[in-house]
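Work through the exercises below with the sequence and the structure at hand. Try each task before reading its solution.

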Amino acid sequence: MKKLILVALLIMGTAGMAQEKMQPLVSVTGEGKVKAVPDEVTVRVRVETTGKEAAAVKTENDKNVDAVLKFAVKMDIPQNNVTTQYINLDKSYDYQTKTYSYQANQSIAIKIEDLSRYEEIMSGLIASGINNIDGIEFSSSKIDSYRSEARKKAVADAKMKANEYAGVLNQSAGKALSISETGISIPMPQPQYKVMAMRASDSMESSQETIAPGEMTITARVSVTFELL
């Protein structure tokens with residue numbers, strides 16, 4: 001008798017597990033996109049000095065860098081928006097003249113929080129001593145809000161897809177059983193700007209525009225599993 005009861009319990013347990021495993025589900029991916037216009041730009045500028053004496057080259061480069069940093073302070077750029085990227089002092093040999101020369105480089109990243117000040121600040125940086133612009137990167141001060149909006153759109157997109165699949169079967173998507181974020185991408189718009197003269201003596205008209213920030217697209221992707229009702 002005990003054996004029969006044990007067998008019956010095993011059968012019931014197995015049947016229960018089978019029902020749990022056969023729970024009808026629908027799994028989909030959702031994507032949400034938010035377009036935004038950048039309102040900030042980070043400019044990577046460089047001060048480069050060459051010469052025959054290492055000490056003189058380093059001293060001259062440091063002097064120019066100091067002028068650039070003081071200009072940033074004068075323009076009320078926050079200290080945490082000005083970052084030294086790297087400092088180099090290289091030695092090279094000219095086989096034709098059989099002499100050595102030295103090149104000092106210091107790269108500085110400057111974040112400009114107001115795009116309308118870009119021309120004014122860049123003109124002043126050039127006058128202060130920078131002689132290279134290594135690149136610029138646009139960003140947004142509202143990026144966290146845009147990410148949140150993209151995530152919500154991605155979940156809504158997943159819900160819509162789940163109901164579309166279920167609707168074909170005359171069913172519907174129930175509550176979500178799992179949600180996982182598969183990624184958020186923010187491709188930066190490619191900067192479009194005219195080549196700026198690297199001579200401090202050149203004046204720049206206040207109305208001149210040398211960059212176009214374009215548009216950035218924040219994309220969120222999620223994977224969601226719903227009950228199938």
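## Exercise 1: The chain as a whole

The chain exposes about 14500 Å², and carbon and sulfur atoms supply 53% of that area. The model is a predicted one.

Task. State how many helices and strands the chain has, and in what order the elements run.

Solution.
- Step 1. Count the elements: the chain has four helices and nine strands.
- Step 2. Read them from the N terminus on: the order is α-β-β-α-β-β-α-β-α-β-β-β-β.
- Step 3. Add the burial: of the 229 residues in the chain, 32% are buried.
- Step 4. Look at the contacts with a separation of 6 or more: 83% of them are between residues 24 or more positions apart.

## Exercise 2: The sheet of four strands

Task. Find the strand order of the four-stranded open sheet, its edge strands and the helices that lie across its strands.

Solution.
- Step 1. Recall that strands of a sheet pair through backbone hydrogen bonds, either parallel or antiparallel.
- Step 2. Write down the order: β3-β4-β2-β5, with antiparallel pairing.
- Step 3. Pick out the edges: β3 and β5 (132–139) each pair on one side only.
- Step 4. Give the twist: from one strand to the next it averages 15°.
- Step 5. Check the pairing of β3 (residues 82–94) with β4: it is antiparallel and has 12 bridges. Within β4, Ser101 is the residue opposite Ser92.
- Step 6. Inspect the hairpin of β3 and β4: four residues lie between the strands, and Lys98 has a positive phi near 55°.
- Step 7. Check β2 against β4: these antiparallel strands are joined by 11 bridges. Thr49 faces Ala104 in β4 as its opposite residue.
- Step 8. Place the helices. Helix α2 (residues 54–74) lies across β2, β3 and β4, at about 15° to β4. Helix α3 (residues 118–128) lies across β2, β4 and β5, at about 10° to β2.

## Exercise 3: The sheet of three strands

Task. Describe the three-stranded open sheet and the helix that packs on it.

Solution.
- Step 1. Write down the order: β1-β9-β6, again with antiparallel pairing.
- Step 2. Name the edges: β1 (25–36) and β6 (173–185) each pair on one side only.
- Step 3. Give the twist: the average is 25° from one strand to the next.
- Step 4. Place the helix: α4 (residues 143–168) packs on the sheet and touches β1, β6 and β9, and its direction makes about 145° with that of β1.
- Step 5. Check one pairing: β1 and β9 (residues 216–228) are antiparallel over 12 bridges. Thr225 in β9 is opposite Ser27.

## Exercise 4: Two polar residues in strands

Task. Are Glu40 and Asn105 buried or exposed, and which side chains do they contact through polar atoms?

Solution.
- Step 1. Locate Glu40: it lies in β2 (residues 40–51).
- Step 2. Apply the cut-off for buried, under 20%. Glu40 has 8% relative accessibility and therefore counts as buried.
- Step 3. Find its partner: the side chains of Glu40 and Lys111 make a polar contact at 3.5 Å. Beyond four places in sequence, the residues that Glu40 touches include Ile112, Leu115 and Phe138.
- Step 4. Locate Asn105: it lies in β4 (residues 99–112). Its relative accessibility is 5%, so Asn105 counts as buried.
- Step 5. Find its partners: the side chain of Asn105 makes a polar contact with that of Arg46 at 3.0 Å, and with that of Gln103 at 3.3 Å. Beyond four places in sequence, the contacts of Asn105 include Val47, Asn61 and Tyr86.

## Exercise 5: The aromatic pairs

Task. Classify the two aromatic pairs of the structure.

Solution.
- Step 1. Recall that a pair of aromatic rings is described by the distance of the centres and the angle of the planes.
- Step 2. Take Tyr93 and Tyr95: the ring centres are 4.8 Å apart and the planes are at 85°, so the pair is edge-to-face.
- Step 3. Take Tyr93 and Tyr100: the distance is 4.8 Å centre to centre, the angle between the planes is 55°, and the pair is tilted.
- Step 4. Join the pairs: Tyr93, Tyr95 and Tyr100 are linked into a cluster.
- Step 5. Add the accessibility: Tyr93 is partly exposed at 34%, Tyr95 is exposed at 69%, and Tyr100 is partly exposed at 43%.

How values were computed:
Residues numbered from 1 in each chain as written. Predicted model: local features only at pLDDT ≥ 70, side-chain atom pairs only at ≥ 80, totals over all residues. Heavy atoms only, no water. Pairing = 2+ DSSP bridges. Helix = DSSP H or I, 4+ residues; strand = E, 2+ residues; numbered from the N terminus. Axes fitted to C-alpha atoms, helices over the stretch in contact; angles between N-to-C directions. Contact = heavy atoms within 4.5 Å. Buried < 20%, exposed > 50% of the residue type's maximum accessible area, 1.4 Å probe, protein only. Areas by Shrake-Rupley, 256 points an atom, 1.4 Å probe, with all protein chains shown as cover. Polar contact = N/O pair within 3.5 Å; in protein donor to acceptor, adjacent residues only side chain to side chain. Phe/Tyr/Trp six-rings, centres within 6.5 Å; stacked < 30°, edge-to-face > 60°.
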